Amino acid sequence: MRKDVVLSRVPEQEEDRAVSLQNAAAIYDLLSITLGRRGQYVMLSECLERAMKFAFGEFHLWYQLALSMVACGKSAYAVSLLRECVKLRPSDPTVPLMAAKVCIGSLHWLEEAERFAMMVISLGEEAGEFLPKGYLALGLTYSLQATDATLKSKQDELHRKALQTLERAQQLAPGDPQVILYVSLQLALVRQISSAMEQLQEALKVCKDDAHALHLLALLFSAQKHHQHALDVVNMAITEHPENFNLMFTKVKLEQALKGPEEALVTCRQMLRLWQTLYSFSQLGGLEKDGSLGEGLTMKKQSGMHLTLPDAHDADSGSWRASSIAASRLEEAMSELTMPSSVLKQGPMQLWTTLEQIWLQAAELFMEQQHLKEAGFCIQEAAGLFPTSHSVLYMRGRLAEVKGSLEEAKQLYKEALTVNPDGVHIMHSLGLMLSRLGHKSLAQKVLRDAVERQSTCHKAWQGLGEVLQAQGQNEAAVDCFLTALELEASSPVLPFSIIPREL
């Protein structure tokens, strides 16, 4: 076939060129089906890139290449290609919708997502069944922008626009469970708990096993202080979705509230075991360019990665006793791998940030039990992954505070805030620490920044009230305490924003 390929653009050869293109497109379609089924998207994208010499002005090949880039995680490149696809076929709503999906998801390019969503909406009735999805994309974009906004007035305005836009999507597609779920989530974000619950019940009638819907139901129950109901829902959801770490983190918080840290640490151990299983699975060719499983099995045997939490009670079951803490250290486990750790880190980054969160969650539970040595070990494990992470710095500050090293704690909180200037929980801890050290005015400023950044954080309002009371501003302090009480009454165990907002 290659000898007969016609690339010349001269008018006399237009018919031959069309035949060449048709043949090439057919072959690349078959290739897409074959490699797509095997999950070999990197190889597919490389093949399709080579096809671009045929593809001047040819929508189908451009779109295939864009989709292959989405599939192999090259999101920014995919959006550039989708922009070209929009120019080639401006009346097709699926193209800007796909671009909006990528921008909202992995890239978090919210202004771009807004533009693509408006393209779909601007098509009006021509967009057909995709018009509600256009409004859904725009509503999610506004909602995410509200979460990112630093001024309360801007947050309120964006939350209002998000709810209006999502309700418009619901009017156009009243039975779409995804739309109903996000209307419910948006209501929850602005603490309209009863309305959110009503909407969610409708979504659950259609998709009773959906992980996000069940997770939101559990958080809404926890906001109403029905913690046992919430835990029952989470356990049911985990049965359906056993690899969902988001659900398991919520389970830990609910167990901590209901049964105490000991029970919650059991779940943390289960999470470490699950992480290890998923990590091993990701090594089964997860880093192979062609996705083959050939060498993965031997790698799994060689890796020897073994993660356990330290055991504060020798009487506990032998399987989880840290008889050799050194054996479970992540750095040592990684050094046993035949591959260099720099290559290892090329695996899914989400997997590594999840491991960091598990260690830090365990550290928090050990601190609650006053097992500071074990807490320190867990923080060290997290620091081995991401030494300058704001979460690690913050937890090191918490540990220093519990040990009574107040100046060290203050310094660590400041460092954490430098890395993550919008961290309300960091501002809250820093504000209280400054107050304890006698810096009342600075403490007040930091806590005012916290409530401005996230006006639904009851702990920040409580802290601000305490600082104002210490300064003799009793009337203002009472207002803060009342606000804190009101917000605490509708506060979930984890923020509603942990539910992913995605198309």
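Q: Angles between helices under 35 degrees count as roughly parallel, over 145 as roughly antiparallel, 65 to 115 as roughly perpendicular and the rest as oblique. Are H11 and H12 roughly parallel or antiparallel to each other?
A: Helices (H or I, at least four residues) and strands (E, at least two) are DSSP runs, numbered from the N terminus. Axes are lines fitted to C-alpha atoms, for helices over the stretch in contact, and angles run from 0 to 180 degrees between N-to-C directions. In this predicted model, the axes of H11 and helix H12 (residues 227–240) cross at roughly 165 degrees and come within 7 Å. H11 and H12 are therefore roughly antiparallel.

Q: What should I know about the numbering and filters?
A: Residues are numbered from 1 along each chain as its sequence is written, and side-chain values use heavy atoms, without hydrogens or water. Because the model is predicted, local features need pLDDT of at least 70 and side-chain atom pairs count only at pLDDT 80 or more, while totals for chains, interfaces and linings use all residues.

Q: Which residues of H11 and H12 make the contact?
A: Contact means heavy atoms within 4.5 Å. H11 contributes Leu214, Leu217, Ala218, Phe221 and Ser222, and H12 contributes His227, His229, Ala230, Val233, Val234, Met236 and Ala237. By class (Ala, Val, Leu, Ile, Met, Phe, Trp, Tyr, Cys and Pro nonpolar; Asp, Glu, Lys and Arg charged; the others, Gly among them, polar), this contact has 9 nonpolar, 3 polar and no charged residues.

Q: How does H10 meet H11?
A: The axes of H10 (residues 193–206) and H11 (residues 211–223) come within 10 Å, crossing at roughly 150 degrees. That makes H10 roughly antiparallel to H11. From H10, Ile193, Ala196, Met197, Leu200 and Leu204 meet residues of H11, including Leu214, Leu217 and Phe221. This contact has 12 nonpolar residues, with no polar and no charged ones. Leu214, Leu217 and Phe221 of H11 also take part in the contact with H12.

Q: In which hand does H8 pass H9?
A: A crossing is left-handed if the near helix is turned anticlockwise from the far one by less than a right angle, and right-handed if clockwise. H8 passes H9 in a left-handed crossing. The axes of H8 (residues 152–172) and H9 (residues 177–189) come within 9 Å and cross at roughly 155 degrees; H8 and H9 are therefore roughly antiparallel. The contact has 10 nonpolar, 3 polar and 1 charged residues.

Q: Where does UniProt place the feature "repeat: TPR"?
A: UniProt annotations may be inferred rather than shown by experiment; positions follow the numbering used here and feature names are shortened. The unreviewed entry places this feature at residues 390–423 and 458–491. Residues 390–423 are 79% helix and 0% strand, with end C-alpha atoms 9 Å apart. For residues 458–491 the values are 82% helix, 0% strand and 8 Å.

Q: Where does pLDDT stay under 50?
A: pLDDT is the predictor's confidence in each residue, from 0 to 100. The protein chain averages 85, and 83% of the residues score at least 70. pLDDT stays under 50 over residues 286–304 and over residues 314–347. Where pLDDT is low, the predicted coordinates should not be read in detail.
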